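Hi,

Here is the structure I said I would pass on. Have a look at it first, and my notes on what turned up follow underneath.

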Amino acid sequence: MTAVLDLRALSVDLPLGGFLTRARLPILCDVSLSVGRGESVALVGESGSGKTTLARAVMGLTPISGGSVFFEGQRVDGDLARLRRNAAMMFQDATASLSPRLTVGYLVTEPFRIHGLPLPDPAATARDLLARVGLPPAIARRYPHELSGGQARRVGVARALALDPRLVVADEPTAGLDVSVQAEVLNLMHDLRAGMGLAYLVITHNLALVRHVADRVVVLYLGRVVEEGPTARIFAAPAHPYTASLIAAEPKPDPRRRRADLAIRGEVPSVLRRPAGCEFHTRCPLVRDLCRSTPPDLVPVGDGRQARCHFADQRQDKQGERHAVDHR
Ligand SMILES: Nc1ncnc2c1ncn2[C@@H]1O[C@H](COP(=O)(O)OP(=O)(O)O)[C@@H](O)[C@H]1O
Ligand code: SF4
Ligand SMILES: [Mg+2]
């Protein structure tokens with residue numbers, strides 16, 4: 001079946017800035033991923049890994065420098081109207097993404113106006129949309145600064161749903177919310193997916209959220225996919241040491257279950273100074289000589305998974321022993 005969204009070797013370079021240089025920085029490098037109909041795919045990685053850039057590139061808000069974006073089988077080639085009519089974005093900062101001088105009622109129905117679609121009874125449409133995200137009709141008269149964080153997020157969802165999209169790209173949908181409100185937003189997204197057959201590309205660094213909502217996970221490091229596969233398999237036995245580190249760093253109710261040997265070290269390197277060889281080698285607990293000179297390819301490692309590590313296969317063979325062997 002045709003994927004709703006298909007990214008093929010997508011690359012994004014951004015200008016380095018400054019008067020004297022026209023140099024460009026590679027932010028996303030050859031990213032391929034697909035989201036099937038009704039499927040939920042999580043894009044994870046530390047801050048600065050290129051997640052927001054990818055979301056913006058998909059929606060045509062940041063120009064791409066290589067590769068292509070296919071929406072429902074058709075290449076999005078400068079013509080963004082069809083994509084934007086059928087895919088919606090939930091922005092990282094829900095309150096800031098809503099124009100402060102417009103009422104909630106206007107904001108949730110604005111997509112009809114933007115696309116020149118008929119809107120015979122704006123008040124009734126606003127009421128319906130707000131009801132779908134569990135907000136009372138009176139909210140329609142409020143302004144964004146009068147909303148709580150959870151309400152602003154729900155308004156963002158209502159606005160995203162206005163045109164019955166087939167894909168929602170959600171950038172950090174629960175960031176900055178209290179845990180109880182996070183759960184509400186997650187349940188809302190879950191119910192909408194079941195009810196409307198929505199596909200999601202969910203961008204997050206919250207692994208608890210990934211377990212909760214995603215069928216598949218794509219892990220980004222310095223703008224490159226380092227692992228990709230079904231959520232349950234990835235959490236049970238990560239093939240890439242970076243994924244293992246992210247999972248090991250997740251807060252656990254029982255601190256004895258933390259794996260100090262996999263804890264991630266140091267800071268993400270700057271995209272200005274990408275490490276040679278495997279770009280993760282400066283932080284990898286399993287680094288060997290080969291890693292410092294030779295970049296690994298993204299290759300299948302079984303179970304419908306791919307990983308970008310010279311030794312992922314060997315590690316998968318040794319499951320059971322887990323990653324306890326230090327290869328150095
Ligand atoms: N407009 C921009 N100009 C130059 N660099 C940018 C710009 N936006 C983002 N970057 C850089 O691109 C990288 C990825 O950023 P971003 O996509 O925001 O990551 P994430 O959402 O994963 O935190 C970072 O190194 C960031 O500094
Ligand atoms: S290739 Fe080497 S440095 Fe890179 S993730 Fe694999 S073991 Fe670590
Ligand atoms: Mg971001």
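Arg 305 has a relative accessibility of just 1%, so it counts as buried. Keep in mind while reading that this is a predicted model. The side chain of Arg 305 meets that of Asp 303 in a salt bridge, at 3.4 Å from N to O. Asp 303 itself has a relative accessible area of 42%, which makes it partly exposed. So this pair joins a buried arginine to a partly exposed aspartate. The two also belong to a wider network of salt bridges, in which Glu 227 and Arg 233 are linked with Asp 303 and Arg 305.

Now the overall layout. The chain splits into domain 1, made of 38-58 + 78-214, and domain 2, which covers 220-317. Their centres, taken over C-alpha atoms, are 31 Å apart. Each domain puts residues into the contact: 13 from domain 1 and 13 from domain 2. How much area is buried between domain 1 and domain 2? About 1100 Å², with carbon and sulfur atoms giving 58% of it. On the domain 1 side, the residues that lose the most area to domain 2 are Glu 46, Leu 207 and Arg 211, and together they make up 53% of what that side buries.

As for polar links, five residue pairs are in polar contact across the interface of domain 1 and domain 2. Two elements of domain 1 each supply at least two residues to the side that touches domain 2, namely strand S3 (40-44) and helix H7 (207-213). H7 gives the most, with four residues. Sorted by class, that side of domain 1 has six nonpolar, four polar and three charged residues.

The salt bridge count between domain 1 and domain 2 is one. Arg 283 and Glu 46 meet in a salt bridge through their side chains, at 2.9 Å from N to O. Arg 283 is worth a closer look. You will find it in the loop between helix H9 (241-249) and helix H10 (289-293). Is Arg 283 buried or exposed? Its relative accessibility is 2%, so it counts as buried. The side chain of Arg 283 also reaches the backbone oxygen of Glu 267, at 3.3 Å. Leaving out residues up to four places away in sequence, Arg 283 touches nine partners that you can pick out in the viewer: Glu 46, Tyr 221, Tyr 242, Ile 264, Arg 265, Gly 266, Glu 267, Val 268 and Pro 269.

One of those contacts, Tyr 242, is among the buried residues of H9. H9 is mostly covered, with eight of its nine residues buried. Those are Pro 241, Tyr 242, Thr 243, Ala 244, Ser 245, Leu 246, Ile 247 and Ala 248.

Back to charge pairs: the salt bridge count comes to 17. Two further ones link parts of the chain that are far apart in sequence. Arg 37 pairs with Glu 72, and their closest N and O atoms are 3.7 Å apart. Arg 37 sits in the loop between strand S2 (24-35) and S3, while Glu 72 is in the loop between strand S4 (66-71) and strand S5 (74-75), so the bridge ties together parts 35 residues apart in sequence. Arg 37 is partly exposed, at 41% relative accessible area, whereas Glu 72 counts as buried at 17% relative accessibility.

The other is Arg 154 with Glu 184, where the closest N and O atoms are 2.8 Å apart. Here the link runs from helix H5 to helix H6 (residues 179-196), and the two residues are 30 apart. In this case the arginine is the buried partner: Arg 154 has 13% relative accessibility, and Glu 184 is partly exposed with a relative accessible area of 38%.

H5 turns up again in the packing around helix H4 (residues 122-132). The buried residues of H4 pack against helix H3 (104-114) and helix H5 (149-161). Which residues of H4 are buried? They are Ala 124, Thr 125, Ala 126, Leu 129 and Leu 130. After H4 comes Gly 134, which has a positive phi, near 75 degrees.

Cheers

Methods. Residues are numbered from 1 along each chain as its sequence is written. Chains are lettered from A and ligands numbered from 1 in the order in which they are written. This is a predicted model: local features need pLDDT of at least 70, side-chain atom pairs count only at pLDDT 80 or more; totals for chains, interfaces and linings use all residues. Side-chain values use heavy atoms; hydrogens and water are left out. Domain bounds come from an automatic or database domain assignment. Contact means heavy atoms within 4.5 Å. Buried area is the accessible area (1.4 Å probe) that two parts lose on being put together, summed over both. A salt bridge is a side-chain nitrogen of Lys or Arg within 4 Å of a carboxyl oxygen of Asp or Glu. A polar contact is a pair of N or O atoms within 3.5 Å; within protein, one must be able to donate a hydrogen and the other to accept it, and residues adjacent in sequence count only if both atoms are side-chain atoms. Ala, Val, Leu, Ile, Met, Phe, Trp, Tyr, Cys and Pro count as nonpolar, Asp, Glu, Lys and Arg as charged, and the others, Gly among them, as polar. Buried means under 20% relative accessible area, exposed over 50%, partly exposed in between (1.4 Å probe, protein chains only).
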